[in-house]
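The following note sets out points for consideration on the structure shown below. It is arranged by topic, and each point may be checked against the coordinates.

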Amino acid sequence: MINKLNLENILFLDIETVPETQDFSELDDTKQVLWDAKSQYQRKEDFTAEEFYERAGIWAEFGKIVCISVGYFTFQGNHRRFRVTSFYGDEITILKDFKTLLISHFSQAKHLLCAHNGKEFDFPYIARRMIIHNMELPYKLNLFGKKPWEVPHLDTLELWKFGDYKTYTSLKLLTNVLGIPSPKDDIDGSEVYRVYYEDKDIDRIITYCEKDTIAVAQIFLRLRGDNLLSDDEIIHV
């Protein structure tokens, strides 16, 4: 089925997230108690709630988005291009700019969103952060009342499972086995907290996020049996 999809109708994306504050101590008392309860299962007795706080970015209730990178295909005759751009800065601005992109260019029924593990992470995370900031959800993220076949989302992790729901395959592993250049040649997700709060190097995070977005598109091409993107086909805008 994916071979029949028009690549120009798909928006590929990746997000980077961090805890909402740099330090656990910056949370108010109520939020500290809530974090303690929320993280108890994952950290067990190995870490205190404060020690585990660096990982809070993976929960939308305790984290925030610092970058959304998107990519889309354009074709002019035989010339294929993959255009990549990023939204970063204040989270509300990131979300508003991303929403504007969806409404203005990817709002029709034919349009789809694609991410790796997007159905479990990227798409619900963006939607939850929009609701937290009192933003109306764009149609492509509003899943209330939609039947499964009406959800306009593609997930390269789900496509790779081929119906096997027991395992998780990371983006790094999948690019390796498919012969795709690794997007994790500098930092990985576990280091985003440090690079954002300690190094204050948002440009490094943007580069990392854009590499992940390109990797998602490359995986999608491989699953279709298409040629991978070459460096000169990728345009950063």
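1. Cysteines. A disulfide is taken here as a pair of cysteine sulfur atoms within 2.5 Å. The model is a predicted one, and by that rule it contains zero disulfides. The pair to examine is Cys-67 and Cys-209: the sulfur of Cys-67 has its closest cysteine sulfur in Cys-209, at 3.9 Å, which is too far for a bond. Seen from the other side, Cys-209 is in no disulfide, and its nearest cysteine sulfur is that of Cys-67, 3.9 Å away. Cys-67 counts as buried because its relative accessibility is 0%. Cys-209 is likewise buried, with a relative accessible area of 0%.

2. Sheet order. Which order do the strands of the open sheet follow? The six strands are arranged as E5-E4-E1-E2-E3-E6, and the pairing is mixed. E5 and strand E6 (234-236) stand at the edges with a single partner strand each, so one side of each has no neighbour in the sheet. From one strand to the next, the twist averages 30°.

3. Strand pairing. Strands of a sheet pair through backbone hydrogen bonds, in either a parallel or an antiparallel sense. E1 and E4 run parallel and are joined by three bridges; within this pairing, Phe-12 has Cys-114 of E4 as its bridge partner. E1 and E2 are antiparallel, with eight bridges between them, and Val-18 is matched with Lys-64 in E2. Towards the E6 edge, strand E3 (residues 79-88) and E6 pair in the parallel sense over three bridges. There the bridge partner of Phe-82 is Ile-234, in E6.

4. Strand E1. Is this strand enclosed or open to its surroundings? Ten of the ten residues of E1 are buried, so the strand is largely enclosed by the rest of the structure. Pro-19 belongs to E1 and is buried, with a relative accessible area of 1%. Beyond its neighbours within four places in sequence, Pro-19 is in contact with Tyr-53, Glu-54, Ala-56, Gly-57, Phe-62, Gly-63, Lys-64, Tyr-193 and Tyr-197. By contrast with these contacts, a C-alpha to C-alpha distance of 30 Å lies between Pro-19 and Lys-161, and the two are 142 residues apart in sequence.

5. The loop after E1. Thr-21 is located in the loop between E1 and helix H1 (29-43). Thr-21 is buried, at 15% relative accessible area. Its side chain makes a polar contact of 2.8 Å with the side chain of Tyr-53. Not counting residues up to four places away in sequence, Thr-21 touches Glu-26, Leu-27, Tyr-53 and Tyr-197. Tyr-53 and Tyr-197 also appear among the contacts of Pro-19.

6. Helix H3. Why may helix H3 (residues 122-132) be described as largely enclosed by the rest of the structure? The reason is that eight of its eleven residues are buried. These are Asp-122, Phe-123, Pro-124, Tyr-125, Ile-126, Ala-127, Arg-129 and Met-130. The cover over the buried residues of H3 includes strand E1 (10-19), strand E2 (63-76), helix H2 (91-105), strand E4 (112-115) and strand E5 (153-155). H3 lies across E1, E2, E4 and E5, and runs at about 65° to E1. After H3 comes Asn-134, which has a positive phi, near 60°.

7. Nonpolar cores. In soluble globular proteins, nonpolar side chains tend to be buried together. The largest nonpolar core here has 24 residues, of which Leu-13, Ile-68, Phe-98 and Ile-126 touch the most other members. E1, E2, H2, E4 and H3 each supply at least two residues of this core. Ile-126, leaving aside neighbours within four places in sequence, is in contact with Leu-13, Ile-15, Ile-65, Ile-68, Leu-95, Phe-98 and Leu-141. Another core, of 23 residues, lies apart from it, and includes Phe-12, Leu-112, Cys-114 and Leu-221. Two of these residues, Phe-12 and Cys-114, are the bridge partners noted for the pairing with E4.

Key
Residues numbered from 1 in each chain as written. Predicted model: local features only at pLDDT ≥ 70, side-chain atom pairs only at ≥ 80, totals over all residues. Heavy atoms only, no water. Buried < 20%, exposed > 50% of the residue type's maximum accessible area, 1.4 Å probe, protein only. Helix = DSSP H or I, 4+ residues; strand = E, 2+ residues; numbered from the N terminus. Contact = heavy atoms within 4.5 Å. Pairing = 2+ DSSP bridges. Axes fitted to C-alpha atoms, helices over the stretch in contact; angles between N-to-C directions. Core = buried A, V, L, I, M, F, W, Y, C linked by side-chain atoms within 4.5 Å. Polar contact = N/O pair within 3.5 Å; in protein donor to acceptor, adjacent residues only side chain to side chain.
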